[in-house]
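Subject: Structure handover

Hello,

Please find the structure below, followed by notes on what was found in it.

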Amino acid sequence: MVVVRKANDSPQADSALLQTALFKQIPRQEADQLLGALKEYTLPKGSTIFRQGDTDHRMYLLERGRVKLVRQSPDHRVQLLSIHGRGEIMGEIPVFDPNGGPRTASAVVMVNDSQVAALEREDLFAWLNHHPRVAVDMLQVLANRMRTNNERISDLVFMDVPARLAKTLIDLATRFGEPFEKGLMVPHDLTQEELAQLVGASRETVNKALMDFSNRKWISRKGRTIIIYHPGALIRRSRM
């Protein structure tokens, strides 16, 4: 079931939205002027927020949960591009490049009761006209996204699969890890194929590297959760 409401209908929603990249650097009074333009959705696992080929001009703020961006080729192969968590902006390209064509990926909800808020381009730009300094924050978000993409391309060229896997696990642990007495639990909610896509390698090669990490006692696997016992070892392997 999809629940829709205006973001400012709920104080709890306001609080979550104010922690996203768009709002966290600005005073509450200025944020209030835009909160009313946001439409919030509570979505179950498997829901699609936007689809590859859509021609809308809106972006989304992820308040709670996790979302994956996937792209499908003409022959129906699917590639996992990235995973997004609380406080992140998604689907911003059509907002800042409205003549750049349709969306190039789909956003799929990974966990139940994920919350996103939609913002139309017209509402954002009308607000930015009154608060132009916020555009600098937006540029920083976009620059960081570009830096991450460039780094991923570099990793594919210069790093072997175990190093890329180690780096991916550390990134997932940093963003979604849950501390416990023996290490970090990382509930990634990915199939083996999706994890391999995120690393940029075949499933067989990634599974071989995972088995090696397990044999070294750096990690263990339990369903779609990875337990990291020695993050330092993974960090060192990611730099080899």
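**Strands, helices and one arginine**

Strand 10 and strand 11 (residues 183–187) are paired antiparallel through three bridges. Two strands count as paired if DSSP finds at least two bridges between them, and strands (E, at least two residues) and helices (H or I, at least four) are DSSP runs numbered from the N terminus. Within this pair, E178 sits opposite M185 of strand 11.

This is a predicted model, in which local features need pLDDT of at least 70 and side-chain atom pairs count only at pLDDT 80 or more, while totals for chains, interfaces and linings use all residues. Residues are numbered from 1 along each chain as its sequence is written, and side-chain values use heavy atoms, with hydrogens and water left out.

Strands 10 and 11 belong to an open sheet of four strands, with antiparallel pairing and the order 10-11-13-12. Strand 10 (178–180) and strand 12 (219–222) are at the edges with a single partner strand each, so one side of each has no neighbour in the sheet. From one strand to the next the twist averages 25°; axes are lines fitted to C-alpha atoms, for helices over the stretch in contact, and angles run from 0 to 180 degrees between N-to-C directions. Helix 8 (residues 203–215) lies across strand 12 and strand 13 (225–228), at about 120° to strand 12.

There is also an open sheet of four strands in the order 3-8-5-6, again with antiparallel pairing. Its edges are strand 3 (48–50) and strand 6 (78–84); each has a single partner strand, so one side of each is left without a neighbour in the sheet. Ignoring direction, neighbouring strands of this sheet are turned by 30° against each other on average. Strand 5 (residues 67–72) and strand 8 (residues 106–109) run antiparallel and are joined by four bridges, with V67 having V109 as its bridge partner in strand 8. Helix 7 (residues 192–199) packs on this sheet and touches strand 5 and strand 6, where contact means heavy atoms within 4.5 Å. The direction of helix 7 makes about 80° with that of strand 6.

The last item is R103, in the loop between helix 3 (93–96) and strand 8. R103 counts as buried because its relative accessibility is 6%, and buried means under 20% relative accessible area (1.4 Å probe, protein chains only). Its side chain reaches the backbone oxygen of R58 at 2.5 Å. Leaving aside residues up to four places away in sequence, R103 touches residues including F50, D54, D56, Y60 and P94.

Regards

Notes: Buried < 20%, exposed > 50% of the residue type's maximum accessible area, 1.4 Å probe, protein only. Polar contact = N/O pair within 3.5 Å; in protein donor to acceptor, adjacent residues only side chain to side chain.
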